[in-house]
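Trainee: Could you take me through this one before I write up my notes? I would like to start with the oddities and then move on to the rest.

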Amino acid sequence: MDTDIVSYWDYPSPVGENWHERLGSVLEKYKHIGFEGNILADQYALIQAHNSTLSDMVSTLRQYKSGYEVERIRFCAQLADRTMLDIFKKVSRETMVLEMSALSQIPYMELIQKRQLDPLGSNLVAVVWPAPESAMPHGVPDIYKTYGDGPNVAMTYYRVNGYASECERTFFLGDPTRDEAEMFRHMMNARQAALEVLKPGVPAKEVDLAARRYFDQYGLLDNLLHRTGHGIGLSNHEAPFVAEGSDDVLTENMVISIEPGLYIEGIGGFRHSDTVLITKVGYELLTKAPIELDELVF
């Protein structure tokens, strides 16, 4: 296919050489132009003088995975599972938070040695948040801190050759207290409530509401700090969004996370996350790391 390449100068550019000015000169010959809906507002403002329309076509199409894409995500999920098992083998009371992150380099280097890695389309992140900092799901703890009993939350966020997955597990390095075991049970019950709703045709918000209703009946809704899940595909966080305010509807071959969590200040977080494929009749867990409490006390 013939292609014209139009270049522009680095920001801040001289007048006439900015990206939007160069783009404008290309668009002049078209009567109507469509832009993907996630374009930044300031970028759209610079080009809206043209007869243009925002469209969600590409982001919508990305939600439905082909057979090839499902297998790429499945492969990524297997690597995420493997690193999770490595975390369980190597974590100890002497291990620092920063040391756990190095485990993601094992599959990364193996793929390089096999010449099977596209570094521009890959990003492998493994982290383990110790208690009580694990009560801050989007915070960052002291990277030189070592681990205690728990609840500790291990996370593998992988993107391999353009396709993503995630796996998260709550574990302990000593016997959990009775209250901690109860919180773990509530997290698992909310997770199961969400999974039981999964099938094609179900509004994504109903999955979130299933977990929220469970927490609410035990007075735990204030300990829930985020939605039940989100889409996974070319990136680790994308549509469809499994959230109370979502208008998305689940369809066969969508891939999402399921990750309702409980967060207790001064104690820690309780969260599993799985990469989940919506199938013709229900769902399939693509991440398969251990989930039960007796498997997660080391």
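Backbone oddities first

Mentor: Arg-115 sits in the loop between α6 (105-113) and β3, and please keep in mind throughout that this is a predicted model.

Trainee: Ok, and what about the phi of Arg-115?

Mentor: Although Arg-115 is not a glycine, its phi is positive, at about 55°. Most residues other than glycine have a negative phi, and most peptide bonds are trans.

Trainee: Is Arg-115 buried or exposed?

Mentor: Arg-115 counts as exposed because its relative accessible area is 80%, and the cut-off for that class is over 50%.

Trainee: Where is Asn-161, which has a positive phi too, and how covered is it?

Mentor: Asn-161, with phi near 50°, belongs to the loop between β4 and β5 (163-171), and with a relative accessible area of 24% it is partly exposed.

Trainee: Which residues are joined by cis peptide bonds?

Mentor: One cis bond joins Ala-131 and Pro-132, with omega about 0°, and another joins Gly-150 and Pro-151, with omega about 5°. Pro-132 is placed in the loop between β3 (123-129) and β4 (152-160), and Pro-151 is likewise found in the loop between β3 and β4.

Trainee: Switching to the inside: which residues touch the most other members of the largest nonpolar core?

Mentor: Those are Ile-87, Phe-171 and Phe-270, in a core of 44 residues. Helix α4 (residues 67-90) supplies the largest share of this core, namely six residues. There is also a second, separate core of 13 residues, with Ala-194, Val-207, Leu-250 and Ile-278 among them.

Trainee: What does Ile-87 contact, leaving aside its neighbours within four places in sequence?

Mentor: With those set aside, Ile-87 is in contact with Met-100, Leu-103, Val-128, Ala-154 and Thr-156. As a general point, nonpolar side chains in soluble globular proteins tend to be buried together.

Trainee: And which nonpolar residues form a patch on the surface?

Mentor: Met-57, Val-58, Leu-61 and Tyr-64 form such a patch, and together they have about 400 Å² of accessible area. Leu-61, which lies in helix α3 (residues 57-62), counts as exposed because its relative accessibility is 55%.

Trainee: Now strands. How covered is β11?

Mentor: Strand β11 (residues 274-278) is mostly covered, with five of its five residues buried. In a regular strand the side chains alternate between the two faces of the sheet. In β11 both faces are covered, since Asp-274, Val-276 and Ile-278 are buried on one side and Thr-275 and Leu-277 on the other.

Trainee: Which strands does β11 pair with?

Mentor: β11 runs antiparallel to strand β8 (residues 255-258), to which four bridges join it, and Ile-256 stands opposite Val-276 there. β11 is also joined by three bridges to strand β12 (residues 283-285), again in the antiparallel sense, with Glu-284 as the bridge partner of Leu-277. β11 and β12 make up a hairpin with four residues between them.

Trainee: What is there to say about the hairpin of β9 and β10?

Mentor: Strand β9 (residues 261-264) and strand β10 (residues 268-271) pair in the antiparallel sense over four bridges, and Leu-262 stands opposite Phe-270 in β10. The hairpin has three residues between the strands, and Gly-266 takes a positive phi near 85°. Phe-270 also appeared earlier in our talk, as one of the residues touching the most other members of the largest core.

Trainee: Last topic, salt bridges: how many are there?

Mentor: The count comes to 12 salt bridges. In one of them, Asp-274 pairs with Arg-169, and their closest N and O atoms are 2.8 Å apart. This pair links distant parts of the chain, with Asp-274 in strand β11 and Arg-169 in strand β5, 105 residues apart.

Trainee: Are those two buried or exposed?

Mentor: Asp-274 counts as buried because its relative accessibility is 1%, and Arg-169 is buried as well, with a relative accessible area of 0%.

Trainee: Which residues are linked in a network of salt bridges?

Mentor: Glu-71, Arg-74 and Glu-284 are linked in this way. The closest N and O atoms of Glu-71 and Arg-74 are 3.3 Å apart, and both residues lie in helix α4, three residues apart, about one turn of the helix.

How values were computed
Residues numbered from 1 in each chain as written. Predicted model: local features only at pLDDT ≥ 70, side-chain atom pairs only at ≥ 80, totals over all residues. Heavy atoms only, no water. Patch = residues over 30% accessible without salt bridge, like charges linked within 9 Å, V, L, I, M, F, W, Y side chains within 5 Å. Areas by Shrake-Rupley, 256 points an atom, 1.4 Å probe, with all protein chains shown as cover. Salt bridge = Lys/Arg side-chain N within 4 Å of Asp/Glu carboxyl O. Helix = DSSP H or I, 4+ residues; strand = E, 2+ residues; numbered from the N terminus. Buried < 20%, exposed > 50% of the residue type's maximum accessible area, 1.4 Å probe, protein only. Core = buried A, V, L, I, M, F, W, Y, C linked by side-chain atoms within 4.5 Å. Contact = heavy atoms within 4.5 Å. Pairing = 2+ DSSP bridges.
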